[in-house]
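Student: I should like to learn how to read the sheets, cavities and buried residues of a protein model. May we work through one example together?

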Amino acid sequence: MSEDVEQREIAAEQAFVDRVYVQLERSATAAAQLATEGHSRARLGHEGGLVERDAMVFQAARRIAQLDAAHEGLVFGRLDLDPGFDAEPRYIGRIGLRDDQRDSLLIDWRAPAAAVFYQATAAEPRQVVRRRVLRADHRTVVGVEDELLDADNPAAEHLPVVGEGALMAQLSRARDRSMHSIVATIQAEQDKAIRAPGRGVVSISGGPGTGKTVVALHRAAYLLYSDRRRYEGGGVLVVGPSGVFMRYIERVLPSLGETAVALRSLGEVVDGVRATRHDEPAVADIKGSERMAELLRRTARQQAPGSPREFSVFWRDDRIRLDAGTLGRVRRKLMSQGRRNRQLSRVAPALLDAMWRQVRGERGRERGREYFDAEMLSSQAFVDFAVSWWPPLDAMTVLAWLRDPEVLARAGDGVLSDEDQRILTKSWGFDLSVEDVPLLDELRYALGDVPQTTEEDDTLGVAEGGVDLQELTTASEREYAPSGRSWAPPTHRIEDDGFAHVLIDEAQDLTPMQWRMVGRRGRGASWTIVGDPAQSSWPVPEESARARAEALEGKALHEFHLSTNYRNSSEIYEYAAAYAERVGLDADLPTAVRSTGVAPREVDAGDDLEGAAHEAVVDIAGRVGGTVAIVVPVARRSEVNAWLAGWPEVADDASGARASVDSSVTPSGEDRIVVLTGLDTKGLEFDGIVVVRPDEIEAESATGRATLYVVLTRATQLLTTVR
């Protein structure tokens, strides 16, 4: 194919793309006018006008957001079909657009009419003669990649075929700090998972580099398109392993025209909570285990530390006493009726019942029970006792109780060993860890919501047997709330936690407690679950399997397996696969489709680890145009960050990009060279990887071999290990 023909084809596609962008601007103008008209409806002077305003402004805002997100690579595909089936080419894009005559100009990639773009093959062309992918830089077409799928069709004689193939061109592209859409290069096995049934659970498995994450995100976009009322109304929750990972993927859905999605790391699943610090592996293994559910259930039933153990009052001729035994019976009765905070309105009646049964004298009973109740509820001593004995409790307050070894020993008797309790006692801090977040959520559900009060109705009346909830809440916060907390009780209610769809990435790493936390968000949801068991960092898979089964109970399962590694060069993946086989990992080994001719390097650092690491980083940074990761054991992260800060020539390499110090905590979209731990690399990919002390990564946890296997599969072009 001559260069003149290629340039002529590019020019023809550019003319169409220009036409589409003109229509995009017209659609944006129309949406803005709709918003203006909507605001004017508020001046009609009646409620109907306000309703119309809200509806029009909402629809306009959503359309504007969709149009704004679609600018980059708006048109990416073209189908030339059998003329007997459809004589006009079909153009595929990130969103759908119609021209001024309401005829289809651009087909949304999620629409049924676009499915054949991904499903057609040379063996089964499905009326497609030529499939073309347009490569664009913003609004400019810079190349086209063609596949002739039906060479025997007479129309093929008149269709030029240009390029080396869209998929291989995409795989050779340098990476930056964000995941990109694969909407132009989705393969047939991936498309089946994307367009799977919307109900039940879709499980996407496969080895490293098979595109599990990006396929799952495209599935979320497809579901929103196919049933927008359900999924946008109920919400879509995407959960990933870390903040680093979530920032890596955050561009994908907006680039596909979807913004109605909540992206949260495992440290952010609970509203009002944000944790980034991880506990040491020994601590994380305890906090993640299913035993913690029983420990926290018991803790939620404990009497608040420091609360009164008895109450007595003289009434007429009787001494009334609420001793430990009586209060214990009242407590058990209240606990049997539901969550602790929901029993607040029943506390006073239950205490008064126990007290009234002790009234024996004639003078005490002559005016009856109502008079007795009114007198007690007007007694400040009784109200103070009720407030102190059964305060409203938030999850952070109760979790803080476990810092006391005596409380932990009482709740953990028969659940945790003495050694486990010792490890936990040393781990608690005022700054939450990622592993603490599921524990908070467990307590939230065990306790129930803390009551909310208003100025108009801040008490429960005597007739309901209540006490002043404002006084209750104030006293509770004053007496029991820990200082220095990094978490505030959520203002939303437990009932608001549910979503219409839940997408879990790196699902093999979820602990049993994390499965319980995420499962509560998806009781009535459909699910997409992505994972590879061989990459699991959780040491007791049987526990996770039980928790996962409980979270998904009653839902139909649709399983999809991806078998082709699109990320790694074959040289890198053969090296990683050989390691997996050598250390006994039961790894899913996909087929790598791309070769660079460059094998991974192993460097013996000797006595100069920093010098060897420096040389390896300089070498790789000079040979790749995209991102480079320095992967280190957890214990060496600060040390290597200090090295990197002292290597200015690495930051000032030919790319002009800068290096990132401690980007595992605060990554930037501009970072080219980053320092990460093994777990930080989950779900990420880089053009080049330098692994420092792989033996230490392997030895730092019970699942260190799986973690090192993950690290070895993150590089797309170059891999060096510094031993």
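Student: In what order do the 6 strands of the open sheet stand, and is the pairing parallel or antiparallel?

Tutor: Please bear in mind that this is a predicted model. As a general idea, strands of a sheet pair through backbone hydrogen bonds, in either a parallel or an antiparallel sense. Here the order across the open sheet is β9-β8-β12-β13-β7-β14, and the pairing is parallel.

Student: Which strands stand at the edges of that sheet?

Tutor: The edges are formed by β9 (261-265) and β14 (557-562). Each has a single partner strand, so one side of each is left without a neighbour in the sheet. As to orientation, neighbouring strands of this sheet are turned by 15° against each other on average, direction ignored.

Student: Over how many bridges do β8 and β12 pair?

Tutor: Strand β8 (residues 236-240) pairs with strand β12 (residues 501-504) over 4 bridges, in the parallel sense. To locate this pairing in the model, one may start from V236, which stands opposite H501 in β12.

Student: How does strand β2 pair with β1, and how with β4?

Tutor: Each pairing is read separately. Strand β1 (residues 75-81) and β2 run antiparallel and are joined by 4 bridges; V75 stands opposite G93 in β2. With strand β4 (residues 104-108), β2 pairs in the parallel sense over 2 bridges, and G93 stands opposite D108 in β4.

Student: Are the faces of strand β2 covered or uncovered?

Tutor: A residue counts as buried when its relative accessible area is under 20%. In β2 (residues 90-93), R90 and I92 on one side and Y91 and G93 on the other are all buried, and both faces are thus covered.

Student: Where is E13 placed, and is E13 buried or exposed?

Tutor: E13 belongs to helix α1 (residues 3-40). With a relative accessible area of 1%, E13 is buried, because the cut-off is under 20%. Leaving aside residues up to four places away in sequence, E13 touches R78, Y91, R132, L134, V141 and V144. Among these contacts is Y91, one of the buried residues of β2.

Student: How many cavities of 30 Å³ or more does a search of the whole structure find?

Tutor: The search finds 5 such cavities. The second largest has a volume of about 60 Å³.

Student: Which residues line the second largest cavity?

Tutor: The lining consists of M396, L399, A400, R403, W428, G429, L432 and D436. By character, these residues divide into 5 nonpolar, 1 polar and 2 charged.

Conventions
Residues are numbered from 1 along each chain as its sequence is written. This is a predicted model: local features need pLDDT of at least 70, side-chain atom pairs count only at pLDDT 80 or more; totals for chains, interfaces and linings use all residues. Side-chain values use heavy atoms; hydrogens and water are left out. Two strands pair if DSSP finds at least two bridges between them. Axes are lines fitted to C-alpha atoms, for helices over the stretch in contact, and angles run from 0 to 180 degrees between N-to-C directions. On a 1 Å grid over the protein atoms alone, a cavity is a set of points where a 1.4 Å probe fits but cannot get out, and a pocket is an open set with protein on both sides within 12 Å along at least five of seven lines; lining residues have an atom within 4 Å of a point. Grid points are joined across faces, edges and corners, and a volume is the space filled by probe spheres set on the points. Ala, Val, Leu, Ile, Met, Phe, Trp, Tyr, Cys and Pro count as nonpolar, Asp, Glu, Lys and Arg as charged, and the others, Gly among them, as polar. Buried means under 20% relative accessible area, exposed over 50%, partly exposed in between (1.4 Å probe, protein chains only). Contact means heavy atoms within 4.5 Å.
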